[in-house]
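Visitor: I should like to discuss the structure shown below with attention to its packing and backbone. May we proceed by question and answer?

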Amino acid sequence: MSLSNQLVFFFSALGAFNGFILALYFALMAKKKNFSNYFLALLLLMLSIRIIKSVFFYFNPKLANVFIQIGLSACILIGPFLFLYLKSYSNSKKSNWAIHIIPYITAITIVGIIYPYVEYRKVWQLWIVTGIHFQWLFYIIFSVKYLKPIVRKLKGKEKLKNIDIWLLSIYFGVFIIWLGYLIGSYTSYIVGALSFSFVFYLMILLFVFKTAKKSTFFQEKEKYKNKELDHETIEHIKKTLSVLVKKELFLNPNLTLDETAKELKVSKHALSQYLNEQLFKSFSSFINEYRIEKAKELLQTKSNYTIESLGYDSGFNSKSTFFTNFKKITGQTPTEYQKNL
């Protein structure tokens, strides 16, 4: 084996091996024993099985057919485990994971028995593997909806949490690996394996970054997980939010979540959770929207306002913050909005 081939084998196989190790960590050693960790462990396991099969088959075309069949079959669970992992971080009710896993395991087992790879290579290459890759893509597309809160933050230019970055990395990592196998059909079969190693080490960097100061992985996991607001609290907050408008509390540039919660007679945690889960907004975004509405009202009724003073009178504590938020919410600068009135 040439030096270049040795390097390719080393990096592609090392990624798969480390994937097994990390999958084992999440399954057995992670301090937070919850389904999200198990879904991630199984996702990594399925990817690692698929990759290790690719690596050994690439360098040893005479690899036993049973290992090839197992490696290809593992692909059918990559998409479902990605979907279940991202869903476990959403605020929706827990899904029945069995309906996304058991039917596929049953189907691929039956297909494997009726059409074993050793006898039906062309059937696997032309139909079964193609079908699995389409199913994988379907779950990649289907999982996008659980990234919408993160996309809203990006559009609103809000700072992403570490967990947001992690979930995006997992999602796009799986997509890149899928794309690697798609491209591999036209370039080289090893592209998928190498893409996994590349993505894997990016994930490792995030892992080290997130655990550098804290012993528990995913310390920044969604703080509202498993703490649903009861119907009474939701209705109470919904009604009392009108107080915010009537008293124009948002005109205070130093208004905090704590002060607002006290005014509404709810806990700070409950108010924050309500805004995030029911309105899909952070506290600052919620308040700034009211401030912009006030600014628009002043632009329509007052002609002697300077743009800068208008921002301060609307509750913003700086000109730049006012301009940024006005443009973000209305799509126009205050001056453009004033000219179009």
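**Helices, cores and crossings**

Visitor: How many helices and how many strands are there in the protein?
Guide: The model is a predicted one. Its secondary structure holds zero strands, and the helices number 16.

Visitor: What percentage of the 341 residues is made up of buried residues?
Guide: A residue counts as buried when its relative accessible area is under 20%. Of the 341 residues in the protein, the buried share is 44%.

Visitor: What part of the exposed area do carbon and sulfur atoms supply?
Guide: The protein exposes about 18600 Å². Of this area, the part supplied by carbon and sulfur atoms is 63%.

Visitor: Which helix gives the largest share of the largest nonpolar core?
Guide: The largest nonpolar core has 48 residues, and L43, Y85 and W136 have the most contacts inside it. At least two residues each come from α1 (3-29), α2 (35-59), α3 (65-74), α4 (78-87), α5 (98-114), α6 (121-142) and α8 (162-184). The largest share, 10 residues, is that of α8.

Visitor: How many residues has the other core, which lies apart from it?
Guide: This second core lies apart from the largest one and includes L229, L244, A261 and Y274. Its number of residues is 19.

Visitor: Which residues does W136 touch, not counting those up to four places away in sequence?
Guide: W136 is one of the residues with the most contacts inside the largest core. With residues up to four places away in sequence left out, W136 touches L47, C75, I78, G79, V174, I177, W178 and Y181.

Visitor: Are α4 and α6 roughly parallel or roughly antiparallel?
Guide: The axes of the two helices come within 8 Å and cross at roughly 15°. The contact involves I78, G79, P80, L82 and F83 of α4, together with Q135, W136, Y139, I140 and F142 of α6. Angles under 35 degrees count as roughly parallel. The arrangement of α4 and α6 is therefore roughly parallel.

Visitor: Is the crossing in which α4 passes α6 left-handed or right-handed?
Guide: The crossing angle of these axes is roughly 15°. As α4 passes α6, the crossing is left-handed.

Visitor: Are α10 and α12 roughly parallel or roughly perpendicular?
Guide: The axes of α10 and α12 come within 11 Å, and the angle at which they cross is roughly 90°. T233, I234, I237, K238 and L241 of α10 make the contact with A270, L271, Y274 and Q278 of α12. An angle from 65 to 115 degrees falls in the perpendicular class. The two helices are therefore roughly perpendicular.

Visitor: Is E248 exposed or partly exposed?
Guide: E248 occupies the loop between α10 (231-246) and α11 (257-264). Its phi is positive, about 50°, although E248 is not a glycine. With a relative accessible area of 29%, E248 is partly exposed.

Visitor: Is K265 buried or exposed?
Guide: K265 belongs to the loop between α11 and α12 (268-278). Phi of this residue, which is other than glycine, has a positive value near 60°. The cut-off for exposed is over 50%. Because its relative accessibility is 70%, K265 counts as exposed.

Visitor: What distance separates the C-alpha atoms of L42 and F26?
Guide: L42 is part of helix α2, and its relative accessibility of 32% makes it partly exposed. L42 and F26 are 16 residues apart along the chain, and their C-alpha atoms are separated by 8.9 Å.

Methods
Residues numbered from 1 in each chain as written. Predicted model: local features only at pLDDT ≥ 70, side-chain atom pairs only at ≥ 80, totals over all residues. Heavy atoms only, no water. Core = buried A, V, L, I, M, F, W, Y, C linked by side-chain atoms within 4.5 Å. Buried < 20%, exposed > 50% of the residue type's maximum accessible area, 1.4 Å probe, protein only. Helix = DSSP H or I, 4+ residues; strand = E, 2+ residues; numbered from the N terminus. Contact = heavy atoms within 4.5 Å. Areas by Shrake-Rupley, 256 points an atom, 1.4 Å probe, with all protein chains shown as cover. Axes fitted to C-alpha atoms, helices over the stretch in contact; angles between N-to-C directions. Parallel < 35°, antiparallel > 145°, perpendicular 65-115°, else oblique. Left-handed = near helix turned anticlockwise from the far one by under 90°.
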